[in-house]
Structures are given as C-alpha cells and as structure tokens.
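Biologist: I would like a close look at a single part of this model. Please start with the whole chain for context, then go down to the residues.

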Amino acid sequence: MDTMVDLPEWIVRASGQASPQRGRVALVGAGPGDPELLTLRAARLLRDADAVVYDFLVGPEVLDFAGPHAERICAGKRSSRHSMPQHEINALLVRLAREGRRVVRLKGGDPFVFGRGGEEAQALAEAGIDFEIVPGVTAACGVTAYAGIPLTHRDHAQSCLFVTGHMKDDRADLDWPALARERQTVVIYMGLAALGHICAQLVAHGLRADMPAAVVQQGTLPEQRVVTGTLADLPQRVAAAGLTAPCLIVVGEVVQLHHQLAWFGLPAQAAAG
Ligand code: SAH
C-alpha cells in the first residue's frame, strides 16, 4: 500500500513542473564547425528557440537552423576573447529565461568540454531556471576524425587525454609527467600560442623528440589545414604555414596515420614526409 501512496505524489510533482509560459535554457553543443555534425536535438531546439546566445566559434550555417524570428545575440568575438564577461552571459541567460523565452545557448563543440558550460548551468540552477544540456561533438573527436587521426588505436595508443593549453604565462601549470607518456594521445585545446613551450616541455619530460605531432586549423570546415611533424620541428612548421586560431594540437604515434587516413578536403600537402 505504501507505493500506492508514493505514486500520486510523484505524479503531482512531475505534472506541476512545466507551464507553457515558463522560459528555459538549453546549453547546446554546436559541434566543431561542419554544420552537419549538429545533433538532431540541437537542430530542433534551434528551430523552436526565441533567442540564441552564441559564441564566435559557431558558424553562420549553424545559426541558420534558428528560425527568422529568433533573436540572435553574440556573446563572444574572435578578436577579443572576453568581449562579454562570463557573469554577464550568465545574467543574460537568466534574464531571457525569466522573460519566458526558450533560449538556446549555443557553444562550439561540446558545452561541457572547455566551454564553461558547467559554470553557466550552475548559474541557471542557482537562479531556479529550467535547463537542459545537449552534448555536441567536441573538437578533439570531430577535428581528429576529419584529419584522419584516430584518437586511439590498438597499435599506438590505449588512452587519450584532453587538456587546455591556454596559459597566462610560460610557466604553464600542466601535469607534464602525465602528458609525456608513451602509448597515449594528447589533445591540446587552445594551445597554439604556447605550441613551442608545449613541445619543449613534452620532450623535457621524456617524450622522444621525433614523436609525431600535428596542428589542425579549422577542422571539419572546408578551410581545414593540417600540419604534421615531430615535437622537434612542429613549431617551425606551424609558424611557416602561418596557422591561426582555432587550432587543435594532437601529440602521439596515431598522428602518423594521418598520411594513410586523411580523407577530408585536400591531401596533406603540409605533411612531414
Ligand atoms: N567546447 C569546445 C572547445 C572550446 S575551447 C569543444 O568541445 O570543442 C576552443 C578551442 O577548441 C579552440 O581554441 C581550439 O583549440 C579548439 N577548436 C574548436 N573548434 C575547432 C576546430 N574546428 N578546429 C580546430 N580546433 C578547434
């Protein structure tokens, strides 16, 4: 009989949750660039959104999934990384939801991977706003797939590590001994500016200087460029190629498979022979 008592309470709580006027926020991953890597759920939420708050990494073709009536608000520009401070973005999301709007907070890649999605979700939770999280293809997965670099491979890497290389100064606080391990792939987001430092530290902590490594610019997009080399020569190769953000760094034996597995766009014209 106890369960008979519990059940109606549960139903009352569940049915009392959704009022049609109530605003809500979806933190949505837009994937790494190619609009076709958007999830079906992301496309549907965009179609139904009243407001879309997006980051600079989100391309115009992805935004086209939003209806013409949706207000589009840019929260970050490529030229100035901090164009809208995080607390202002949080406050904006809360305000839009309180106005009763269906808000899509559209973020490059996956919202919970180096995307501050966790902070935004916390702000929404603290403000009592209904929210959901829609995962996206994170750059580590999407960019390497389009570059023909498998993150793991039974012959080369049994683990992979995603880290951020965004450092305030050269005394980077990365766990170098953990990064400099054999038979693993290291993927570094936001590391282009520190590429020389990163390669030098990995060698200083025990990786061989001829360990294959690559930088992929604008992965999954028609403009994708892949520069491969070794920890010893990658910084010079990348500088010579003039790569610019957004770029992903990949270190590990799997990088050599790019020469065999590159399939997207131009063949690897900048490959390390
Ligand atoms: N949340 C995102 C990451 C945001 S941090 C995700 O899950 O992918 C931004 C960094 O991601 C960039 O500096 C770059 O290192 C990487 N990145 C994102 N898109 C990329 C792309 N198309 N090509 C190369 N790197 C990319």
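Among contacts between residues at least 6 apart in sequence, what percentage joins residues at least 24 apart? Then take strand S7, residues 184–189. Which residues cover its two faces, and which strands pair with S7?

Modeller: The model is predicted. First, the contact question. Of the contacts between residues at least 6 apart in sequence, 69% join residues at least 24 apart. The chain has 273 residues, and 46% of them are buried. It holds ten helices and ten strands. Its accessible surface is about 14300 Å², with 56% of that belonging to carbon and sulfur atoms.

Now S7. Six of its six residues are buried, so the strand counts as mostly covered. Take the two faces in turn. In a regular strand, side chains alternate between the two faces of the sheet. On one side of S7 sit Gln184, Val186 and Ile188. On the other sit Thr185, Val187 and Tyr189. Both sets are buried, and both faces are covered.

Next, the partners. Strand S6, residues 159–164, pairs with S7 in the parallel sense over six bridges. Within S7, Tyr189 stands opposite Thr164. Strand S10, residues 247–251, also pairs with S7, but in the antiparallel sense and over four bridges. There, Val187 of S7 faces Val250 of S10.

Tyr189 deserves a second look. Its relative accessible area is 8%, which is under the 20% cut-off, so Tyr189 is buried. Its ring also takes part in an aromatic pair. The count for such pairs comes to five. In one of them, the ring centres of Phe162 and Tyr189 are 6.2 Å apart and the planes meet at 55°, so the pair is tilted. Phe162 lies in S6 and Tyr189 in S7, so this pair ties together parts that are 27 residues apart in sequence. Phe162 has 30% relative accessibility, so Phe162 counts as partly exposed. Phe114 joins these two residues in one aromatic cluster.

S6 also contains a cysteine worth checking. Cys160 is in no disulfide, and the nearest cysteine sulfur, that of Cys141, is 7.3 Å away. The cut-off for a disulfide is 2.5 Å. A search of the whole structure finds zero disulfides. Cys160 is partly exposed at 31% relative accessible area. Cys199, by contrast, counts as buried at 2%.

For context, turn to another group of strands. Five strands form an open sheet with parallel pairing, in the order S3-S2-S4-S1-S5. Its edge strands are S3 (71–74) and S5 (130–134), each pairing on one side only. Neighbouring strands of this sheet are turned by 20° against each other on average, direction ignored. Inside the sheet, S1 (residues 24–29) and S4 (residues 102–107) pair in the parallel sense over six bridges. Leu27 stands opposite Arg105 in S4.

Helices pack on this sheet too. Helix H2, residues 40–48, touches S1, S2 (51–54), S4 and S5. The direction of H2 makes about 140° with that of S5. Helix H5, residues 117–126, lies across S1, S4 and S5. H5 runs at about 170° to S1.

Back to your strand, in brief. S7 is covered on both faces. S6 pairs with S7 in the parallel sense, and S10 does so in the antiparallel sense.

Key
Residues are numbered from 1 along each chain as its sequence is written. This is a predicted model: local features need pLDDT of at least 70, side-chain atom pairs count only at pLDDT 80 or more; totals for chains, interfaces and linings use all residues. Side-chain values use heavy atoms; hydrogens and water are left out. Two strands pair if DSSP finds at least two bridges between them. Axes are lines fitted to C-alpha atoms, for helices over the stretch in contact, and angles run from 0 to 180 degrees between N-to-C directions. Contact means heavy atoms within 4.5 Å. Buried means under 20% relative accessible area, exposed over 50%, partly exposed in between (1.4 Å probe, protein chains only). Accessible areas come from the Shrake-Rupley method with a 1.4 Å probe; for residues, only the protein chains shown count as cover. Rings of Phe, Tyr and Trp (its six-membered ring) pair if their centres lie within 6.5 Å; planes under 30 degrees apart count as stacked, over 60 as edge-to-face and the rest as tilted.
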